[in-house]
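User: I'd like to learn how to read a fold from its model. Could you take me through it feature by feature?

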Amino acid sequence: MFDFAAHNPVFLVAFGDEFSLVRNIDLLDASPATAPFRAINCAFDALEGVPPGDLSSYMRLWVSVADFATPPAKGDEVLTATTAYKISDIERDDSGGMYMLCRFDRALA
């Protein structure tokens with residue numbers, strides 16, 4: 001049996017992009033703490049016709065749960081270079097990963 005969890009770091013380096021995470025509890029701070037992480041931006045069927053990524057309405061990311069001391073939660077923010085997204089749904093898989101559905105919140109200056 002193939003152990004996907006053991007290979008998650010390789011998959012993330014090969015196919016992942018850099019994002020930043022802001023915990024919901026830190027959002028009220030004047031300069032909230034951000035934590036960098038790698039994720040794979042997964043294609044999915046969305047109701048909007050805008051492709052996933054910067055300034056789109058939705059983005060679905062796959063992350064390795066082992067990369068976080070405390071896994072991301074609904075309401076946390078995911079930042080790209082130009083856009084802030086709120087995590088609206090989370091689904092764990094059986095191989096140590098987690099899908100995060102992120103909804104557009106605002107453009108970043």
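Analyst: Happy to! Let's begin with strand pairing: two strands count as paired if DSSP finds at least two bridges between them. By that rule, β4 and β5 are an antiparallel pair, joined by 3 bridges. Please keep in mind throughout that this is a predicted model.

User: Which residue in β5 is the bridge partner of Leu79?

Analyst: Leu79 has Ala84 as its bridge partner in β5. The two strands, β4 and β5, make a hairpin, with 3 residues between them.

User: Before we go on, how many helices and strands does the chain have?

Analyst: There is 1 helix, and there are 6 strands. Following the sequence, you meet them in the pattern α-β-β-β-β-β-β.

User: How do the other strands pair up?

Analyst: Let's take them one at a time. Strand β1 (residues 17–22) runs antiparallel to β2 (residues 35–42), with 5 bridges between them. Two places to look at are Asp17, whose bridge partner in β2 is Ala39, and Phe19, which stands opposite Phe37. β1 also runs antiparallel to β4, through 3 bridges, and there Val22 faces Glu77. Strand β2 in turn pairs with β3 (residues 58–64) in the antiparallel sense, over 3 bridges; Cys42 is set opposite Arg60 of β3.

User: And how many bridges pair β5 with β6?

Analyst: That antiparallel pairing has 9 bridges. Ile90, for example, has Met100 as its partner in β6. The β5 and β6 strands also form a hairpin, with 4 residues between them, and Gly96 in that hairpin takes a positive phi near 80°.

User: What should I keep in mind about side chains when I look along a strand?

Analyst: In a regular strand, the side chains alternate between the two faces of the sheet. A second general idea is useful as well: in soluble globular proteins, nonpolar side chains tend to be buried together.

User: Which residues have the most contacts inside the largest nonpolar core here?

Analyst: They are Phe37, Leu61, Val78, Met100 and Cys102, in a core of 15 residues. Strands β1, β2, β3, β5 and β6 each supply at least two residues of that core. Phe37 is a good one to click on: leaving aside its neighbours within four places in sequence, its contacts include Phe19, Leu61, Val78 and Met100. Across the whole chain, 31% of the 109 residues count as buried.

User: There are cysteines in what you've mentioned. Why do Cys42 and Cys102 count as buried?

Analyst: The cut-off is what matters: buried means under 20% relative accessible area. Cys42 is at 16%, so it counts as buried. Cys102 is at 0%, so it is buried too. As for disulfides, the count for this model is 0.

User: How do I read aromatic pairs?

Analyst: A pair of aromatic rings is described by the distance of the centres and the angle of the planes. A search of the whole structure turns up 3 such pairs. One of them is Tyr85 with Phe104, an edge-to-face pair with 6.4 Å centre to centre and 85° between the planes. This pair links distant parts of the chain, since Tyr85 sits in β5 and Phe104 in β6, 19 residues apart. Tyr85 is buried at 0% relative accessibility, whereas Phe104, at 32%, counts as partly exposed.

User: Which residues do ring pairs link into a cluster?

Analyst: Phe19, Phe37 and Phe68. You have met Phe37 already, as one of the core residues with the most contacts.

User: Can we finish with a loop residue? I'm curious about Val65: is it buried or exposed?

Analyst: Val65 counts as buried, at 15% relative accessibility, and its place is in the loop between β3 and β4. Leaving aside neighbours within four places in sequence, Val65 is in contact with Pro71, Arg92, Gly96, Gly97 and Met98. Take Met98: it is 33 residues from Val65 along the chain, yet their C-alpha atoms are separated by 6.3 Å.

User: What share of the contacts in the chain join residues at least 24 apart?

Analyst: Among contacts between residues at least 6 apart in sequence, the share is 53%. To round off with the surface, the chain exposes about 6500 Å², and carbon and sulfur atoms supply 57% of it.

Conventions
Residues are numbered from 1 along each chain as its sequence is written. This is a predicted model: local features need pLDDT of at least 70, side-chain atom pairs count only at pLDDT 80 or more; totals for chains, interfaces and linings use all residues. Side-chain values use heavy atoms; hydrogens and water are left out. Buried means under 20% relative accessible area, exposed over 50%, partly exposed in between (1.4 Å probe, protein chains only). Contact means heavy atoms within 4.5 Å. A disulfide is a pair of cysteine sulfur atoms within 2.5 Å. A nonpolar core is a set of buried Ala, Val, Leu, Ile, Met, Phe, Trp, Tyr and Cys residues joined through side-chain atoms within 4.5 Å. Accessible areas come from the Shrake-Rupley method with a 1.4 Å probe; for residues, only the protein chains shown count as cover. Rings of Phe, Tyr and Trp (its six-membered ring) pair if their centres lie within 6.5 Å; planes under 30 degrees apart count as stacked, over 60 as edge-to-face and the rest as tilted.
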